[in-house]
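I have my notebook open and a fresh chain to look through. Here is what I looked up, entry by entry.

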Amino acid sequence: DFTTLKDKLANEKWPDIYMYKFIMPADNQKIAKVEALFDSMADVVIRNSSKGNYVSITAKEMAINEEAVIKKYKAAAKIEGVMVL
């Protein structure tokens, strides 16, 4: 449920750059699916965990409003193994 996030985002001024964060298994196909959620202008950074089993993905992208942010998080949450932060 994204109710808490929606309430938090309602206080932001839109449009604005939003930082999305995810943690997931180090699976190239799943990483590609998360990267595909963002346009070519997004700043996407992928970091490996110390043992290399997981990756963290941080993406900064212009968002129109809080609904756009939540829509993107919901799409990412449908990818198996992705944890939305």
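**Ground rules.** I call a residue buried under 20% relative accessible area, exposed over 50%, and partly exposed in between, using a 1.4 Å probe and protein chains only. This is a predicted model, so I kept in mind that local features need pLDDT of at least 70 and side-chain atom pairs count only at pLDDT 80 or more, while totals for chains, interfaces and linings use all residues. Residues are numbered from 1 along each chain as its sequence is written, and side-chain values use heavy atoms, with hydrogens and water left out. My helices (H or I, at least four residues) and strands (E, at least two) are DSSP runs, numbered from the N terminus.

**Salt bridges.** I started with charged pairs, taking a salt bridge as a side-chain nitrogen of Lys or Arg within 4 Å of a carboxyl oxygen of Asp or Glu. How many salt bridges does the whole structure hold? My search found two.

In one of them Lys6 pairs with Glu67, and the closest N and O atoms are 3.9 Å apart. This pair links distant parts of the chain, with Lys6 in helix H1, Glu67 in helix H3, and their positions 61 residues apart. I noted Lys6 as partly exposed because its relative accessibility is 39%. Glu67 also went down as partly exposed, at 41%.

The other bridge joins Glu61 and Lys72, whose closest N and O atoms are 2.6 Å apart. Here too distant parts of the chain are linked: Glu61 belongs to strand E3 and Lys72 to helix H3, eleven residues apart. Are these two partners buried or exposed? Glu61 is buried, with a relative accessible area of 6%, and Lys72 counts as buried at 17%.

**Around Glu61.** I then listed contacts, meaning heavy atoms within 4.5 Å. Not counting residues up to four places away in sequence, Glu61 touches Asp16, Ile17, Tyr18, Tyr20, Phe38, Asp39, Ala42 and Lys72. The salt-bridge partner Lys72 is thus named in that list too.

**The nonpolar core.** Next I looked for a nonpolar core, a set of buried Ala, Val, Leu, Ile, Met, Phe, Trp, Tyr and Cys residues joined through side-chain atoms within 4.5 Å. The largest one has 20 residues, and Tyr18, Tyr20, Phe22 and Val34 touch the most other members. Which elements give two or more residues to this core? They are helix H1 (3-9), strand E1 (16-25), helix H2 (28-35), strand E3 (54-63) and helix H3 (66-77).

I followed up Tyr20: beyond its neighbours within four places in sequence, Tyr20 is in contact with Phe38, Ile57, Thr58, Ala59, Glu61, Ala63, Ala68, Val69, Lys72 and Tyr73. Both Glu61 and Lys72 are among these contacts.

**The sheet.** I counted two strands as paired if DSSP finds at least two bridges between them. The result is an open sheet of four strands in the order E2-E3-E1-E4, with antiparallel pairing. E2 and strand E4 (83-84) stand at the edges with a single partner strand each, so one side of each has no neighbour in the sheet.

- E1 and E3 run antiparallel and are joined by ten bridges; Met19 has Lys60 of E3 as its bridge partner, and Met24 has Val55 of E3.
- E2 and E3 pair in the antiparallel sense over six bridges, and Ile46 stands opposite Ile57 in E3.
- E1 and E4 pair over two bridges, again antiparallel; Phe22 stands opposite Val84 in E4, and Ile23 opposite Met83 in E4.

I also checked the hairpin of E2 and E3: it has five residues between the strands, and Gly52 takes a positive phi near 80 degrees.

**Helix H2.** Lys30, Ile31 and Val34 are buried in H2. Seen down the axis, the buried residues fall within an arc of 100 degrees (taken from the directions from the helix axis to the C-beta atoms), so they line one face of the helix. Asn28 and Gln29 are exposed on the other side of H2. What do the buried residues of H2 pack against? I found E1, strand E2 (43-48) and E3.

**A last peptide bond.** Trp14 and Pro15 are joined by a cis peptide bond, with omega about -5 degrees. I placed Pro15 in the loop between H1 and E1.
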